[in-house]
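Student: I would like a close look at a single part of this protein, namely its salt bridges. Please explain which residues take part and how they are placed.

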Amino acid sequence: MKTTFVLPLATSKDIYLGLNLLIPSVYHFFLLKDIQNFFIIIKKKEQKIFELYYKNLQKTLDISKLKIKIILEDDLLTNKSLSSYYIQMYLKLKIAEKIKTKQYITLDADIYFCKKSNSNNFFDKNQSFYKKINSKDKWGARAEKYMEVELSFQTNQTPFVFITSYVKQLLKKYNTYDLIINKKCSEYTLYLAFMIKHKYFKDNYQIKDFSYKPLTRATYKNNLKTPQDIIVESFILKEN
């Protein structure tokens, strides 16, 4: 089954990580024939540095197989905001207007693929997969307030599987720009609240974790292994 990847790159650091780690990992570990499109969203002011890294990437990989399409933020935005952090959240929903596949998968520059995988690791013909988080953060609380619905859990963030048609409904029925940029909801909690409120979630999602726990100072502060060793170990095949 075909899918679409969406990768916003807000800064030069994001571009460096995305083009030097994430995209090569997708190329080597994801089944390329399952990719309909790979949308990369960048700022106009970062275009030159992106092109520099992109040209270097073309020297080592046949990236035409990834079906990459570059989109400038300005092409998706009618309003402008100084909050780049929340703009990135909004863009992950707004991009649905350009997507043709049933599902799309959002990525961030600081994640990478380390095992052989394909679209079936993210969804099947009936349902999309998610990780259930039995807690509620400030974004979940805001989504509850403004969507007027109770959330008893939250989902994982990136990589996350959005169902395109429902994101388009969310964009049409609600002022998602205001809810994210001004009300400070996140894209994931807002989408979850919409799906729960309209009783779409249960039939369209099932719990199935497809990612390793995040590599952060908090999760590994007492681990004697170096981050480099942990990253290398992630590429070693294991039964799970």
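Tutor: The following account treats the salt bridges, after a short view of the whole chain.

The model is a predicted one. The protein contains 10 helices and nine strands, and 49% of its 240 residues are buried. Of the contacts between residues at least 6 apart in sequence, 79% connect residues that lie at least 24 apart. The protein exposes about 13,300 Å², and carbon and sulfur atoms account for 51% of that area.

We now turn to the charged pairs. How many salt bridges are there? The count is seven. Three pairs may be described one by one, followed by a network.

Consider lysine 94 and glutamate 97, which form a salt bridge whose closest N and O atoms are 3.1 Å apart. Is each partner buried or exposed to some degree? Lysine 94 counts as buried because its relative accessibility, 17%, falls under the 20% limit. Glutamate 97, with a relative accessible area of 45%, is partly exposed.

The next pair is lysine 131 with aspartate 209, where the closest N and O atoms are 3.9 Å apart. This salt bridge links distant parts of the chain, since its residues are 78 apart. Lysine 131 sits in the loop between β5 (128–130) and β6 (132–133), while aspartate 209 belongs to the loop between β9 (205–207) and α9 (217–220). Lysine 131 has 36% relative accessibility and counts as partly exposed; aspartate 209, at 42%, also counts as partly exposed.

Glutamate 144 and lysine 136 supply a further example, their side chains meeting in a salt bridge at 2.8 Å, N to O. Glutamate 144 is buried, with 16% relative accessibility, whereas lysine 136 is partly exposed at 45%. Beyond these pairs, salt bridges that share partners bring Lys92, Asp108 and Glu187 together in one network.

A final remark concerns another kind of link between side chains. How many disulfides does the model have? The count is zero, a disulfide being a pair of cysteine sulfur atoms within 2.5 Å. Cysteine 114 is nevertheless buried, at 18% relative accessibility, and cysteine 185 is buried too, at 0%.

In summary, the model has seven salt bridges and zero disulfides. One of the salt bridges, between lysine 131 and aspartate 209, joins two loops from distant parts of the chain.

Key
Residues are numbered from 1 along each chain as its sequence is written. This is a predicted model: local features need pLDDT of at least 70, side-chain atom pairs count only at pLDDT 80 or more; totals for chains, interfaces and linings use all residues. Side-chain values use heavy atoms; hydrogens and water are left out. Helices (H or I, at least four residues) and strands (E, at least two) are DSSP runs, numbered from the N terminus. Buried means under 20% relative accessible area, exposed over 50%, partly exposed in between (1.4 Å probe, protein chains only). Contact means heavy atoms within 4.5 Å. Accessible areas come from the Shrake-Rupley method with a 1.4 Å probe; for residues, only the protein chains shown count as cover. A salt bridge is a side-chain nitrogen of Lys or Arg within 4 Å of a carboxyl oxygen of Asp or Glu.
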